[in-house]
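Student: Please take a close look at one strand in this predicted model. I would like its partners and its surroundings in one connected account.

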Amino acid sequence: MSTENEGTAVPPAPSAPPVPVDAPAAPAPAPAGPAPSDPQGTGYDTVAHGGAAAHQSAPGAHPGEHGAPGSAGPAPAGEWPPPPPPAVPAYASGGGGGSSWGASYQQPQPKPGGRRGGLVGGIIAAALIAGIVGGGVGYWAAERNDGSGTGSTTVSASNPADLKRDPGTVAGVAAKALPSTVTIEAEGNDGEGGTGTGFVYDKEGHILTNNHVVAEAVDGGKLSATFSNGKKYDAEVIGHAQGYDVAVIKLKNAPKNLQPLTLGDSDKVAVGDSTIAIGAPFGLSNTVTTGIISAKDRPVASSDGSGSSKASYMSALQTDASINPGNSGGPLLDGNGNVIGINSAIQSASSGGLGGSGQAGSIGLGFAIPINQAKTVAQELIRTGEPVYPVIGASVSLEEGTGGAKITEQGASGSAAVTPNGPAAKAGLKPGDVITKLDDTVIDSGPTLIGQIWTHKPGDTVKLTYTRDGKERTTDVTLGERKGDS
C-alpha cells in the first residue's frame, strides 16, 4: 500500500483556394510574335495539417499568407500541348499525411491552329454548359427541399446563458466545491517538499488535509494554499496526527468570504454510492474525477515508503475514482457534494507515473479516511494542537498470517506487551492471545485491529473476541487514551 506525497495558438483554417478564371469559349488565333504575359493567380504558403498537429500549431507557426502576383515569361511559339493545370489541392480530410495548399493557378495560353483550337474551345464550351446545367439542377433541388419543409438537418444548441446544471450533477457539485478546495505546497528547511490538496473546514481559515502532505513544513518550513481562482495564501500547521494521517493548517490573512464544504455522514455511506474526488494529481490543480464507493471499512496501513516514515492506519472508504499523487488531502464527495472522506492512499500495480516520474499512479484502488473520524481528529487538533488516540494497552503483531491480531510476548523497547493495570490487563487479556473480532467486525491482523480501534473514542467500550489455547473467548474492554504521536 502506498501513499502519495504530494504539487499555441491555433491557426485559423486557410481560406478557400482561388477559383480559376474560365477560358473564353472560342479563343482567337494568337498574333505573331511573343505572347503577352499571363496573369498569375494568388499563391499560398504551404501549411501542413496532419495527426494531432491539425488542431495546434507549433510555436511561431502562421497560417499561409497571400503571395504577390507575378508575371510569366514569354511563351515559346508553337508549343503544344499547353502546360497542364496544377493538381487539385487536398482539403484536409483527416487522417494520415499532411495536406497542403500548393502552386498558383495559371490559365493555359490559346494555341494557333484552327481544328485543334476549335476542339479545345468546344470542350471548354461544353464544360461551361454542363456547369450551368448542374448549377440549375442544384438550385432546383434546393428549392424543392425548401418547399418540402424539411429544411436543414443542422441542430443549433441552446444559448449557453440558458444552460443550467442541477446541484446533483457532477458539474453542479464541482462548481460548488472547487472554490473551497486548495492546492497545498509544502517545503522543508532543506528545500524538499511536495504538492497536495486540502479543503476549507471553517470560516476561520482552517484547512483540512493529510499529515503526509504538510509533514515537510511542520518544523519551520514554508507552507502555502492556492485557491481555484489563483489566489495564494501563506499558511501554518495548527496540528497534525501522523497515526491518523490527518492535519489542520490555517491560512494567514484568510479572506472573509470563505465557504466551508459541508461534511456528510460517512457511517451512512453505502457501497455503490457515487463519489467525486477533487485534487491536484501530479500538480494538475482543480482536477475532478468520479467513481463509486467500492468498499467500506477497508483496513489500510499506509506510508510514503521512506525508512523514517511511520505507518498510518485507517478503516478506509475504498473508491474507484481516479486518485493519484497530489490528490492526497483532497475531499471525497458524495453525489450531493457533501464531504465523506479525505483522499489519502492508493494501491498501485507498479511504480511509475505521469511522464515516467517514478511515482505510482491510479489503478482504480483509492482509499479515503472516513470524514466522521477525520472530523473528530480535526476538532482535537484545533482545540489542543495534538492528537488523542484510543488504545487497549497491548502490543500486537503487525505480521500477516496470524489469523487475527496476536498480542506479542514483549512490547516495544523491551516493555511489557500488556500494560499493567491498562484496559487489556483489566479485561484479562494476556500475551499470546489472538484477537479475532471487535464487536461485529472480523479482525484478521494487527493493522486491522488498530484501524478499527481508532474509529472509536477514548472511554468507548468494545467487545473483543479472542482465542487462547484453541478456545474462543470474549471480553469487554473500555478504551484508554494516548496523547500525541509516539
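Tutor: Start at Q318, whose bridge partner in β13 is F367. That contact belongs to a set of 3 bridges joining β10 to strand β13, residues 366–370. The two strands run antiparallel.

Q318 has a partner in another strand as well: A295 stands opposite Q318 in β10. Here the neighbour is strand β9, residues 287–302. β9 and β10 also pair in the antiparallel sense, over 7 bridges. Q318 of β10 therefore links to both neighbours, with A295 on one hand and F367 of β13 on the other, within a strand that is largely enclosed by the rest of the structure.

Now the side chains. In a regular strand they alternate between the two faces of the sheet. In β10, S312, M314, A316 and Q318 point one way. Y313, S315, L317 and T319 point the other way. Residues of both sets are buried, all of them. Buried means under 20% relative accessible area. With 8 of the 8 residues of β10 (residues 312–319) buried, the strand is largely enclosed by the rest of the structure.

For open space, turn to the largest pocket. Its volume is about 780 Å³. It is lined by 26 residues, and the closest to its centre are A394, S395, I450, R482 and S486. Two elements give two or more residues to this lining: β14 (388–391) and α6 (446–453). The largest share, 3 residues, comes from α6. By type, the lining divides into 15 nonpolar, 8 polar and 3 charged residues.

Notes. Residues numbered from 1 in each chain as written. Predicted model: local features only at pLDDT ≥ 70, side-chain atom pairs only at ≥ 80, totals over all residues. Heavy atoms only, no water. 1 Å grid on protein atoms, 1.4 Å probe; cavity = no way out; pocket = protein on both sides within 12 Å on 5 of 7 lines; lining within 4 Å. Points joined across faces, edges and corners; volume = space filled by probe spheres on them. Helix = DSSP H or I, 4+ residues; strand = E, 2+ residues; numbered from the N terminus. Nonpolar A, V, L, I, M, F, W, Y, C, P; charged D, E, K, R; others polar. Buried < 20%, exposed > 50% of the residue type's maximum accessible area, 1.4 Å probe, protein only. Pairing = 2+ DSSP bridges.
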